[in-house]
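Hi everyone, thanks for having me. Let's put the structure up on the screen and walk through it together.

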Amino acid sequence: MSELKQLNQLMLDSAQDAIKYLKLFSKKNIELDYAGLGELDLVLDELAKENAMSPLEDKVLFTVSTMFGAFIRELFKTEAGGEWFMDESDPNATFVVLNYEGRAYSFASVCFEKIVNNSDISACRYFELALSNFEA
């Protein structure tokens with residue numbers, strides 16, 4: 001299997017893991033859609049509160065940020081397009097971005113930032129802004 005195919009499958013699997021997590025957390029039927037993105041923001045709010053009271057382990061932060069970032073990326077990919085890219089410019093801190101029309105989006109970073117540094121950030125809003133870059 002090619003590297004790109006593996007990356008596509010990994011991101012799809014991670015998005016599905018995010019959906020399972022969101023379903024467990026919210027006890028609602030979650031889909032890879034805009035309503036699901038709203039639920040994701042609520043979960044990120046709760047994780048930010050939890051992290052403020054007792055910092056989450058780095059491994060947990062990385063896992064949930066990656067998983068939720070994959071959810072947002074897959075939704076963006078469905079709505080607008082794009083392709084995955086593994087940024088390996090820093091071998092000690094590789095990360096996945098979605099490249100679309102000359103721009104790179106690191107949705108996982110938005111999730112991490114919301115949990116750790118600024119709970120006012122909205123994954124929904126970031127998604128909307130990213131999408132609006134390409135609307136006529």
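Let's start where two helices meet: Asp41, Leu44, Asp45, Leu47, Ala48 and Asn51 in H2 are in contact with Cys111, Lys114, Ile115 and Val116 in H4. Sorted by character, the residues of this contact come out as 6 nonpolar, 1 polar and 3 charged. Please keep in mind that what we are looking at is a predicted model.

How do we describe such a pair? Two packed helices are described by the angle between their axes and the distance between the axes. Here, H2 covers residues 34–53 and H4 covers residues 107–116, and they pack at an angle of about 45° with their axes 7 Å apart. Angles under 35 degrees count as roughly parallel and 65 to 115 as roughly perpendicular, so H2 and H4 are oblique to each other.

Now please turn to the sheet. It is open, has 3 strands in the order E1-E2-E3, and the pairing is antiparallel. Which strands stand at the edges? They are E1, residues 83–87, and E3, residues 103–105; each has a single partner strand, so one side of each is left without a neighbour in the sheet. From one strand to the next, the twist averages 40°.

Let's zoom in on one pairing. E2, which spans residues 95–100, pairs with E3 in the antiparallel sense over 3 bridges. If you look for Tyr100, you will find that its bridge partner in E3 is Arg103. Lying across E1, E2 and E3 is helix H3, residues 58–79, which runs at about 15° to E2.

Next, the inside. The largest nonpolar core has 35 residues, and the ones that touch the most other members are Leu40, Phe68, Phe71, Ile72 and Phe76. Two or more residues each come from H1 (3–26), H2, H3, E2, H4 and H5 (123–132). Which element gives the most to this core? That is H3, with 9 residues.

Take Leu40 as an example. Leaving aside neighbours within four places in sequence, Leu40 is in contact with Leu22, Phe68, Phe71, Ile72 and Ala123.

One last stop: Asn118, in the loop between H4 and H5. Is Asn118 buried, partly exposed or exposed? Buried means under 20% relative accessible area and exposed means over 50%. The value for Asn118 is 32%, so Asn118 is partly exposed. Compare its position with Asp33: the two are 85 residues apart in sequence, and 24 Å apart in space from C-alpha to C-alpha.

How values were computed: Residues numbered from 1 in each chain as written. Predicted model: local features only at pLDDT ≥ 70, side-chain atom pairs only at ≥ 80, totals over all residues. Heavy atoms only, no water. Axes fitted to C-alpha atoms, helices over the stretch in contact; angles between N-to-C directions. Helix = DSSP H or I, 4+ residues; strand = E, 2+ residues; numbered from the N terminus. Parallel < 35°, antiparallel > 145°, perpendicular 65-115°, else oblique. Contact = heavy atoms within 4.5 Å. Nonpolar A, V, L, I, M, F, W, Y, C, P; charged D, E, K, R; others polar. Pairing = 2+ DSSP bridges. Core = buried A, V, L, I, M, F, W, Y, C linked by side-chain atoms within 4.5 Å. Buried < 20%, exposed > 50% of the residue type's maximum accessible area, 1.4 Å probe, protein only.
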